[in-house]
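This report describes the structure shown below, with attention to its pocket, its aromatic rings and one residue of interest.

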Amino acid sequence: MLVLALIVGLGTGHRGERLVQAAGSSIDGRFGQAGFRLRAVHVEGASPMATADIVRAAAVYKDQPLLGLDLEALRKRVEQVGWVKEARVVRLLPDTLVVAVVERRQLAVWQHAGHSVVIDEHGQVIPEADPGRFPTLPLIVGEGGAVAAPAILPILAQRPRLMERMDAIVRVDDRRWDLRMKDGSLIQLPAVGEEEALMQLEQLDQRSRILELGFERIDLRNPDVVAVRPRQSGPPGQLVAAGA
């Protein structure tokens, strides 16, 4: 039937195109009558939060003729969802559609200009993600923080003792970081050499358990000197050099 429709199409122009479309619809309808209609959609590789948005973007409906689905168009729609890094769509006869996705990893919550959003491992915003549902993600604050976060967070993640005490990672002038601790204290990192500075902090903590004892501020911006302002110690504003 399709071959005949194509032959007619070559000889009749646009009228032939309509005949081909009609033939395709007729065949799809007959397969639908034979039971090849959509009954289930399985989403693989997605979190429960992402699944609802993926199914919505797929824009399919129950009892839709399965053989008539444009899988490539469906895949493109799914990949427009912010949660999704890449997708693959498979038709399983007689009645199932499988949507397999690679979900973008949620890296942090970024707070900027009075708004909070979830960002992925490349610093890109995931629009559908509700920041309120990710209380365990690190909090990044400040202009430029989203772009710079993928570089600093793996370094901090290697230091769980520091991470568990940290409230937020604050981008300063889009060139360096301050670590704001849960007790209100501050750790100032340099614009370059953050890992070396954190190693100095670890050495200081091993000697004095400074993270447990508490402090007002630790200045790591000078690679030769770690300056510590103790909590309620010394005249206001005084920094005590702790050595290189």
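How do the residues of the lining of the largest pocket divide into nonpolar, polar and charged? The model is a predicted one, and in it the lining comprises 8 nonpolar residues, 1 polar residue and 3 charged residues.

**The largest pocket**

The space in this pocket amounts to about 170 Å³. Its lining is formed by Pro135, Thr136, Leu137, Pro138, Leu139, Met163, Glu164, Met166, Asp167, Ala168, Ile169 and Lys182. Strand S7, which covers residues 166-172, gives the most to this lining, contributing 4 residues.

**The protein as a whole**

The secondary structure consists of 8 helices and 12 strands. Overall values for the protein are collected in the table.

| Property | Value |
|---|---|
| Buried share of the 244 residues | 39% |
| Share joining residues at least 24 apart, among contacts between residues at least 6 apart in sequence | 46% |
| Exposed area of the protein | about 13,800 Å² |
| Share of the exposed area supplied by carbon and sulfur atoms | 54% |

**The aromatic pair**

The structure contains 1 aromatic pair. The ring centres of Trp83 and Phe134 are 6.3 Å apart and the ring planes stand at 40 degrees, so the pair is classed as tilted. This class follows because planes under 30 degrees apart count as stacked and those over 60 as edge-to-face, with the rest tilted. The pair links distant parts of the chain, its two residues being 51 residues apart. Trp83 belongs to the loop between helix H4 (71-79) and strand S2 (84-92), while Phe134 belongs to the loop between strand S5 (115-120) and strand S6 (139-141). Both Trp83 and Phe134 are buried.

**Ile187 and its surroundings**

Is Ile187 buried or exposed? Its relative accessibility is 0%, and therefore Ile187 counts as buried, the cut-off for that class being under 20%. Ile187 is part of strand S9, which spans residues 186-188. Apart from neighbours within four places in sequence, Ile187 is in contact with Leu162, Trp177, Asp178, Leu179, Met181, Leu201, Phe215, Ile218 and Leu220.

A further distance relates Ile187 to the pocket lining. The C-alpha atom of Ile187 is separated by 9.7 Å from that of Ile169, with their positions 18 residues apart along the chain as the sequence offset. Ile169 is itself one of the residues that line the largest pocket.

Terms used:
Residues numbered from 1 in each chain as written. Predicted model: local features only at pLDDT ≥ 70, side-chain atom pairs only at ≥ 80, totals over all residues. Heavy atoms only, no water. 1 Å grid on protein atoms, 1.4 Å probe; cavity = no way out; pocket = protein on both sides within 12 Å on 5 of 7 lines; lining within 4 Å. Points joined across faces, edges and corners; volume = space filled by probe spheres on them. Nonpolar A, V, L, I, M, F, W, Y, C, P; charged D, E, K, R; others polar. Buried < 20%, exposed > 50% of the residue type's maximum accessible area, 1.4 Å probe, protein only. Contact = heavy atoms within 4.5 Å. Areas by Shrake-Rupley, 256 points an atom, 1.4 Å probe, with all protein chains shown as cover. Phe/Tyr/Trp six-rings, centres within 6.5 Å; stacked < 30°, edge-to-face > 60°.
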